[in-house]
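Have a look at the model below before reading on. The notes that follow pick out a few places worth a visit.

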Amino acid sequence: MTRILRQPEGLDRALATGRFAIGQPVSRSEDPVLLRGEGRYTDDLDRPGQLYGVVVRSGVAHGILRGVDTAAAAAMPGVAAIITGADIAASGFGPMPAAASRNRDGSDTPRPRQFALATDRVRYVGDPIAFVVAETLQQARDAAEAVLAEIDALPAVTDARDAATPGAPQLHDEAPGNLVLDYHFGDAEAVAAAFARAAHVTRLSLRSSRVIVSPMEPRAAIGEFDPAEGYVLRLGCQGAVNMRGLLCTVLGVPKEQVRVLAGHVGGSFGMKASCYPEYVCALLAARQLGRPVKWTDERSGSFLSDSHGRDHEMLAELALDAEGNFLATRLTGFANLGAYLSNVVLLPATLNAVKNFVGVYRTPLMEVSSRSVFTNTTPVGAYRGAGRPEGNYYMERLVETAAREMGLDPLALRRRNLIRPEAIPHRAPSGLTYDSGDFPATLDRALAAADWDGFAARRAESEARGRIRGRGIGHYLEVTADASPEMGGIRFDADGGVTIVTGTLDYGQGHATPFAQVLHGKLGIPFERIRLVQGDSSQLLAGGGTGGSRSIMQSGAAIIEAGDLVIEKGRRAAAHLLEAGEADIEFANGRFSVAGTDLGIDIMDLAERLRTAGTLPEGVPATLDVGHVTRGVPSAFPNGCHIAEVELDPETGVIEVVAYHTVNDFGVLVNPMLVAGQVHGGVAQGIGQALHELVAYDEAGQLLTGSFMDYALPRADAVPGIGFASHPAPARTNPLGVKGCGEAGCAGSLPAVMNAVADALSGFGIAHIDMPATPRRVWEAIQAAKIRPGG
């Protein structure tokens, strides 16, 4: 149930004007360090006496592991240890963390155990088999080449639908038919009745194609062990507390014996949230050898070992009455999990599909049925949005297709079914209540920004150059992560600085600046004195990490609540120092004062006075420091409208995005410049998935697109200038009125670009093409259309 709050007291203070106030485009405070090349990423770190680890991976997608011969490798110069599955089993470590859920019949889903290194079977190309540790990295690499794995190959399956077919190769005995989760949501009978009485039904087979995540910084880790203190792991991740919890599950130790340290992190997009086998191997090697062990992935290894994203195949259906009113929608299909369960892999095609499928439209009924299955491919995990962009993609393609099939104007069909602002709060068929938004206005502003009415002239100009121009709309709404505890620590340091301590983690978003803006607005602390600590689990009381577009909502709320506690403590301390009653102490603009007088003290001066005051009377705090943990705020509903224009070269099949405009509702924008940057990044990734990024496996399960020679990320010339505008309806469920923005760029861009592609291809009688719409796929579709009757 969504919790609706009053507009919080103190927000006006936070929104006060000023160079560093909320709403100002303050430059990222961490950028000078990064631009000077002074960033400290995991591979930049070296520990005294460290060794180097290299992973030996399976070159076979599916097979019985008969043995691992390490004798020759162990005798090579510099080799300190070679860890195999037998060593993992003897270590007492448990299996890797795995997701769990319940089937539609209420039964628990199977959870086959995956250990850090394979023992009896390999299930995808890249499955870790051994971990070689040596004095130098080159020695470890040389020795890894000498490790010999005896594998009896078995048949492999890489497609989810094929894996669910009777007689398909079986990956895990615990999951007959490779089925992990048979999921269902909705009233099937009511939905079926709505479809039966519908005047028109639109059906589309849609694939959300698999992507390789490809962050700028490959994964890396340094494991250390001290018998007295326990384990220390330095790595790039998405949350130190979350990672510590996952590691404790595997290592079988309490949290006091594990410390996670994260410095700068060069991108993640969901992928680095998981605990990976390499981290466990580095910690075990450090424990056995009594020395730090460093492992850094190479890009060729990351293509195989980093969790992949997306990979869903769905039948999407929309039922409409004769006037075009939506009656019901239905989603049925498959999710490809890869070879093992990651800790979040079951969400995208299940609960997140439910939450995000209907989007901004008034839809009475919804049903989602999906089957999540194992295949002999790299395990799939979270990727920017994790089901939220997919849900919007399915719905927006249905809307556009239904309009064409019914002979209706797509804009008119949208407007007929948009949730009106006067109907908000709106109860969606997902069970969620939208608390804010003005979806018709967002659509109208986007149409104006994109010069919708001037499209005919632009299309004619494109045709004069032998190109076909198409346009598409992506009117999206996504649901951010649920409420979860988050720390809002505020520490007044001896050097006169103030440190925010919170459990989200910046891996490129730029948290330091907007968090400082929030604290500056709340307490009046000088912006330049504010620091941020996020990546040390030993300093964190709680932390949900960064993911699900939660950071500014959860950490922002925690900072606001912690600020209230600072003010409460400050009133007591100021009353003592100013020799007044606590009830007479007021706080405004960073200053405590006695009501009706000119007596007062600035908050920074008060913190310094307390630090040097010596013994204080009972009830007077010795410090303004607080270590608060908020219970978290409910999900928010960022939304907006993207409009893309593409040009198609019919002779080559090449499609270019030539114009792009967005109007977004992210509620209150703490830092508009950073928000626009998040949208730009999400749009670029959406363009990549829509047009460029193709993951291909052969029948034996070999990854054919295993490097950037074969896997096409969008380059700068593939991304046009991206228009950004804000049409905010402040959220009513958190004290800042903010809505998450980190993943919305993908949610709008997938449907906008693919609807534009479909529009460009419609003249050939092509109603749909799956992502990615690569030149070869487009050209082949055009050639096939030409030879069809009527083509």
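Which residue forms a salt bridge with Glu-217? It is Lys-272, and the closest N and O atoms of the pair are 3.1 Å apart. The two come from distant parts of the chain, 55 residues apart: Glu-217 sits in the loop between strand 8 (200-208) and strand 9 (220-226), while Lys-272 sits in the loop between strand 11 (258-261) and helix 9 (277-289). Both Glu-217 and Lys-272 are buried. Please keep in mind throughout that this is a predicted model.

## More salt bridges

The count of salt bridges in the model comes to 49. Another one that links distant parts of the chain joins Asp-43 and Lys-294, which are 251 residues apart. Here the closest N and O atoms are 3.6 Å apart. Asp-43 belongs to the loop between helix 2 (31-35) and strand 1 (51-57), and Lys-294 belongs to strand 12 (residues 293-296). Their surroundings are worth checking on screen: Asp-43 is partly exposed, with a relative accessible area of 41%, whereas Lys-294 counts as buried at 6% relative accessibility.

For a local pair, turn to helix 21 (residues 775-787), where Arg-776 and Glu-780 lie four residues apart, about one turn of the helix. In an α-helix there are 3.6 residues a turn, so residues three or four places apart point the same way. The side chains of Arg-776 and Glu-780 meet in a salt bridge, with 3.0 Å from N to O. Arg-776 counts as exposed at 63% relative accessibility, and Glu-780 is partly exposed at 39%.

## Helix 14 and what follows

Helix 14 (residues 439-449) has these buried residues: Phe-439, Pro-440, Ala-441, Thr-442, Leu-443, Ala-446 and Leu-447. What covers them? The cover includes helix 13 (410-417) and strand 17 (433-434), together with strand 18 (468-477), strand 26 (639-648) and strand 27 (655-665).

Both ends of this helix reward a look. At the start of helix 14, a side-chain oxygen of Asp-438 reaches to within 3.4 Å of the backbone nitrogen of Ala-441. After the helix comes Asp-451, with a positive phi near 50°. Asp-451 also takes part in a network of salt bridges with Arg-458, Glu-461, Arg-465, Arg-469, Glu-645 and Glu-647.

## A buried threonine in helix 12

Is Thr-401 buried or exposed? Thr-401, in helix 12 (residues 388-406), is buried, with a relative accessible area of 1%. A polar atom of the Thr-401 side chain lies 2.7 Å from the backbone oxygen of Arg-397. Setting aside neighbours within four places in sequence, Thr-401 is in contact with Thr-202 and Leu-204.

## Cavities

How many cavities of 30 Å³ or more does the structure hold? There are three, and the largest has a volume of about 220 Å³. Its lining is made up of 20 residues, and those nearest the centre of this largest cavity are Gln-114, Cys-275, Tyr-276, Pro-277 and Pro-379. The lining of the largest cavity divides into 11 nonpolar, six polar and three charged residues.

Conventions. Residues are numbered from 1 along each chain as its sequence is written. This is a predicted model: local features need pLDDT of at least 70, side-chain atom pairs count only at pLDDT 80 or more; totals for chains, interfaces and linings use all residues. Side-chain values use heavy atoms; hydrogens and water are left out. Buried means under 20% relative accessible area, exposed over 50%, partly exposed in between (1.4 Å probe, protein chains only). Contact means heavy atoms within 4.5 Å. A polar contact is a pair of N or O atoms within 3.5 Å; within protein, one must be able to donate a hydrogen and the other to accept it, and residues adjacent in sequence count only if both atoms are side-chain atoms. A salt bridge is a side-chain nitrogen of Lys or Arg within 4 Å of a carboxyl oxygen of Asp or Glu. On a 1 Å grid over the protein atoms alone, a cavity is a set of points where a 1.4 Å probe fits but cannot get out, and a pocket is an open set with protein on both sides within 12 Å along at least five of seven lines; lining residues have an atom within 4 Å of a point. Grid points are joined across faces, edges and corners, and a volume is the space filled by probe spheres set on the points. Ala, Val, Leu, Ile, Met, Phe, Trp, Tyr, Cys and Pro count as nonpolar, Asp, Glu, Lys and Arg as charged, and the others, Gly among them, as polar.
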